[in-house]
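I opened this notebook page to record what I looked up about enclosed space in a protein model, and about one strand that I followed afterwards.

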Amino acid sequence: MEFTLGLAQTCHPEDGDVMALVDKMAAQAVERGVDLLVFPESLMTSYELPVDQFIASAEPLDGPFARSLCQIAAKHGLWMVFTLNERAEHGGNPYNTAVVAAADGSVAGSYRKVHLFDTSFTAESQKMQAGDALFQPVSTPFCTLGLGICYDLRFPEVARFAAVNGVDLMVYPAAWVAGEMKALQWKTLLAARAIENEFFVAGLSRADAPRYIGQSCVFGPLGETLASSGPYQDLLVCRIDTDRIAATRANMPVLDHRRPELY
């Protein structure tokens, strides 16, 4: 089946009006025939806020931000993936969460990022807590959708779980931090996830230069680049044909050759 994927490679708006930005990008997506529109990580709240402000800004999954974005999805008749700073039910740091909104405005699924980006130069765990479950794939009218968030891309188990559970398109909303070889790693890892699982993979990064790289891209089940963007705010549109997955796996049935009893 064929459908059109849209990646809204955005910067955090200077005036803070995320709703206006989302509505604008959704309108552009409809004009370009998009069926599924994805927004990057840290859409709701800028990660650069001080810790106390970041935590205070968190909202529940059914709070005003999520409800408003679901209404925008319904207004434009789009399936959408967006991210929010989700308040934890029992206190503590919020979750880094992605939500799948159906075209009627209902919530089809959600995912709390399980791998936190703690490195020599930043510690995501100071502001967020990790989820404890991988995303359960969501069936849409045009594909079965899988999700990871940013740093999850470096863990192939996330994509493999999606593949063995029937996913056609794996999407990674991200705020991929710039640095030595980071753009190369971003594209290489996305392509690798596509090749090793023989499905479609899309990576969408924030474009707030110089901290985040943009450079969103889509890879096919052979690892070929189907679409790519530069470092600036953009709406990247790509046509996806999920029938290619079966053909690719028939030629090289990698998933059938797995030996999980040995791993």
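The entries below go from the cavities to the strand and its neighbours.

**Entry 1, the cavities.** I note at the outset that the model is predicted. I searched it for enclosed space and found three cavities of 30 Å³ or more. The largest cavity holds about 180 Å³ of space, and of the 18 residues that line it, Glu-41, Phe-117, Cys-150, Ala-175 and Val-177 are the closest to its centre. I then sorted this lining by residue class, and recorded nine nonpolar, three polar and six charged residues.

**Entry 2, the second largest cavity.** I went on to the second largest cavity, for which I have a volume of about 70 Å³. Its lining includes Ser-42, Leu-43, Met-44 and Thr-45, together with Phe-54 and Met-128; I also wrote down Thr-83, Leu-84 and Asn-85, and then Tyr-95 and Asn-96, as lining residues of this cavity. By class, six residues of the lining are nonpolar and five are polar, while no charged residue takes part.

**Entry 3, the strands at that cavity.** Which strands each supply at least two residues of the lining of the second largest cavity? I found β3 (79–86) and β4 (95–101), and of these β3 gives the largest share of the lining, with three residues. The two strands also pair with one another, in the antiparallel sense and over seven bridges, and in this pairing I located Glu-86 opposite Tyr-95 of β4. Tyr-95 is thus a residue that I have met twice, since it also lines the second largest cavity.

**Entry 4, the burial of β4.** Is β4 mostly covered or mostly open? I recorded it as mostly covered, with seven of its seven residues buried. In a regular strand the side chains alternate between the two faces of the sheet, so I checked each side of this strand separately. Tyr-95, Thr-97, Val-99 and Ala-101 lie on one side, Asn-96, Ala-98 and Val-100 lie on the other, and all are buried, which leaves both faces of β4 covered.

**Entry 5, the other partner of β4.** I last followed β4 to strand β5 (residues 107–112), to which five bridges join it, the two strands running antiparallel. Within this pairing, Ala-98 has Tyr-111 of β5 as its bridge partner. β4 and β5 form a hairpin with five residues between them, and in the turn I noted Gly-105, whose phi is positive at about 90°.

Key. Residues numbered from 1 in each chain as written. Predicted model: local features only at pLDDT ≥ 70, side-chain atom pairs only at ≥ 80, totals over all residues. Heavy atoms only, no water. 1 Å grid on protein atoms, 1.4 Å probe; cavity = no way out; pocket = protein on both sides within 12 Å on 5 of 7 lines; lining within 4 Å. Points joined across faces, edges and corners; volume = space filled by probe spheres on them. Nonpolar A, V, L, I, M, F, W, Y, C, P; charged D, E, K, R; others polar. Buried < 20%, exposed > 50% of the residue type's maximum accessible area, 1.4 Å probe, protein only. Pairing = 2+ DSSP bridges.
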